[in-house]
Amino acid sequence: MTSPQLPEPHSGSGHRSPEPSGPQPASPEPSPGEPSPMAGLAADYAAKAGLHRTHDGRIDVLKTAGGVQGIAESIVPGLLFLVAFTITRDLTLALVAALASAAAFTVARLIQRRPLTQALAGVVGVGISAWLANTTGKAEDFYLPGFFTNAAYIVAMVISIAIKWPVAGLLFGFIRNEGLDWRKNPARLKAYRLGTWVIVAVLVLRLVVQVPLYLMGEDGLAALATTRLIMAAPLYILGVWVAWLITRPAPAGADPGAQPSKPSSSGA
């Protein structure tokens, strides 16, 4: 949100305003409604995170996850890799199938004239995974880069909680038109810290389940690939939805600090 612009001083009236006498006043402070640089950064972060809201102001979880096509872009390359490798036991063929599907999604976005950010990120991610698996000759290493990405998100979110700039607040605050005002309210800050912990828990759960399967080597590949598919977009959607619910503001008119009234001692 931007504050209304003040009208420019009229300079074409044909006369000049008298020069003020005496010491000049200090420059006025920015108005309370003027967005701070930090607010602009937070708003930009929320926009780049790809969050969307419905017409009634609620979070559009499916669209936030990239819609049906975005979810497919995150699932299909890994699925094709698993199917191709399971059937042929040919690592190179499986890697080519995964890369080809990621490239196909990018071409589809070009044809549709849709933003390429998500598709290109998918191609880069699949490319790194394919390169690593091809280098080591181990099929399970196709999933290794995802562990490091997941761990980086965990660290970033825990830091955001520690410094009282929880990621859930930065994302949801602008969807709810709270801006950064939630940071001035201890109850809202606590809620958004809790919401961020929910997302952290989802990311930690991925590692707890998938790392042991990875350490099993090729014997755990099928289970690792399956859990990666289930715990990717579906679990992300669930985590964001739960975080959204538990960070809901109190209903309008409710006073969270109000104490319940005591019964009258008159017996009336």
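Author: Before we start, one definition: a surface patch here is built from residues with over 30% relative accessible area and no salt bridge, and nonpolar side chains are joined within 5 Å. Keep in mind that this is a predicted model.

Reader: Okay, so which residues form the nonpolar patch on the surface?

Author: Val158, Leu194, Trp197 and Ile246, with about 340 Å² of accessible area together. Trp197 sits in helix α8, residues 186-215.

Reader: Why is Trp197 called partly exposed?

Author: Exposed takes over 50% and buried means under 20%. Trp197 has a relative accessible area of 43%, so it is partly exposed.

Reader: What makes the contact between Glu73 and Arg109 a salt bridge?

Author: The cut-off is a Lys or Arg side-chain nitrogen within 4 Å of a carboxyl oxygen of Asp or Glu. For Glu73 and Arg109 the N to O distance is 2.7 Å, so the pair qualifies. The two are 36 residues apart, with Glu73 in helix α3 and Arg109 in helix α4.

Reader: Are those two buried or exposed, and how do you know?

Author: The bar for buried is under 20%. Glu73 comes in at 10%, so it counts as buried. Arg109 has a relative accessible area of 5%, so it is buried too.

Reader: What about Arg89 and Glu218: why say that the pair ties parts together?

Author: Their side chains meet in a salt bridge at 2.2 Å, N to O. Arg89 lies in the loop between α3 and α4 and Glu218 in the loop between α8 and α9, so the pair ties together parts that are 129 residues apart in sequence. Arg89, at 46%, counts as partly exposed, and so does Glu218, at 42%.

Reader: How do you know that Asp181 and Lys184 form a salt bridge?

Author: Their closest N and O atoms are 3.8 Å apart, and the limit is 4 Å, so they make it. Lys184 is exposed, at 70% relative accessible area. A search of the whole structure finds four salt bridges.

Reader: Then why does Glu140 have no salt bridge?

Author: The nearest side chain of opposite charge, Lys138, is 5.2 Å away, and a salt bridge needs 4 Å, so that pair doesn't count. Glu140 is buried all the same, in the loop between α5 and α6. Its contacts, leaving aside neighbours within four places in sequence, include Tyr214 and Glu218.

Reader: And what span is expected for helix α6?

Author: The expected span is 27 Å, and α6, with 19 residues, reaches 28 Å from its first C-alpha to its last, which is close. Among its buried residues are Phe147 and Ile154.

Conventions: Residues are numbered from 1 along each chain as its sequence is written. This is a predicted model: local features need pLDDT of at least 70, side-chain atom pairs count only at pLDDT 80 or more; totals for chains, interfaces and linings use all residues. Side-chain values use heavy atoms; hydrogens and water are left out. Patches are made of residues with over 30% relative accessible area and no salt bridge: like charges are joined within 9 Å, nonpolar side chains (Val, Leu, Ile, Met, Phe, Trp, Tyr) within 5 Å. Accessible areas come from the Shrake-Rupley method with a 1.4 Å probe; for residues, only the protein chains shown count as cover. Helices (H or I, at least four residues) and strands (E, at least two) are DSSP runs, numbered from the N terminus. Buried means under 20% relative accessible area, exposed over 50%, partly exposed in between (1.4 Å probe, protein chains only). The expected span of a helix is 1.5 Å times one less than its number of residues. Lys and Arg count as positive and Asp and Glu as negative; His and the chain ends are not counted. Contact means heavy atoms within 4.5 Å.
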